[in-house]
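Here is a short report on strand pairing and helix packing. Please read it alongside the model.

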Amino acid sequence: MLGIKKQFIKSMIKLEIVGNTPGKLQVYVAQIKKVEDEYKQYEYYAENAMRLLKGVESLDVDYQKGVATIKYDPNIADVQKIYRWLQAIIDIGIDYYDELKSMWEGPGDETKKVEAIWQKMKPVLLVQLTKLK
């Protein structure tokens, strides 16, 4: 069942490259516009996930435009690999959605919950990163 659910969710999250110059990749993601203000403070974790890929230097999100700008060292990373890494992060988020949701919905401080989620997901991301071609 997860296969169908995952494909449906993935079809809703479309990434569109809207800018591509050496060292700077801009990706439009319509869902970024829907992020509620209370969750924007956790952008740091999205940047940390992106920066696990060698060569990625920063992530800046423009919530009004729905654009994520990724700055990277073109001598280390390339656009195709960054795009595949974005897709991998999305796949992992979908695969772990139920587990992450249950961690989030429990009682306690939101900041601590987000940090606990990051601590759980970082090793998963690192394993996936070793498989990235």
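Val61 has Ala68 of S4 as its bridge partner. The model is predicted. Strands S3 and S4 (residues 67-72) run antiparallel to each other and share 6 bridges.

The wider sheet is open and has 4 strands, in the order S1-S2-S4-S3, with antiparallel pairing. Strand S1 (16-21) and strand S3 (56-62) are at the edges. Each has a single partner strand, so one side of each lacks a neighbour in the sheet. On average, neighbouring strands are turned by 15° against each other, direction ignored.

Two helices meet this sheet. Their angles to individual strands are listed here.

| Helix | Strands touched or crossed | Angle |
|---|---|---|
| H2 (residues 43-51) | lies across S3 and S4 | about 145° to S3 |
| H3 (residues 79-95) | touches S1, S2 (24-28), S3 and S4 | about 130° with S4 |

H2 also meets a helix. Two packed helices are described by the angle between their axes and the distance between the axes. The axes of H2 and H5 (residues 110-131) come within 11 Å and cross at roughly 15°. An angle under 35 degrees counts as roughly parallel, and H2 and H5 are therefore roughly parallel to each other. The crossing of H2 past H5 is right-handed.

Which residues make the contact between H2 and H5? H2 contributes Tyr45, Asn48 and Ala49. H5 contributes Val114, Glu115, Trp118 and Leu125. By class, the residues of this contact are 5 nonpolar, 1 polar and 1 charged.

Note on methods:
Residues numbered from 1 in each chain as written. Predicted model: local features only at pLDDT ≥ 70, side-chain atom pairs only at ≥ 80, totals over all residues. Heavy atoms only, no water. Axes fitted to C-alpha atoms, helices over the stretch in contact; angles between N-to-C directions. Helix = DSSP H or I, 4+ residues; strand = E, 2+ residues; numbered from the N terminus. Parallel < 35°, antiparallel > 145°, perpendicular 65-115°, else oblique. Left-handed = near helix turned anticlockwise from the far one by under 90°. Contact = heavy atoms within 4.5 Å. Nonpolar A, V, L, I, M, F, W, Y, C, P; charged D, E, K, R; others polar. Pairing = 2+ DSSP bridges.
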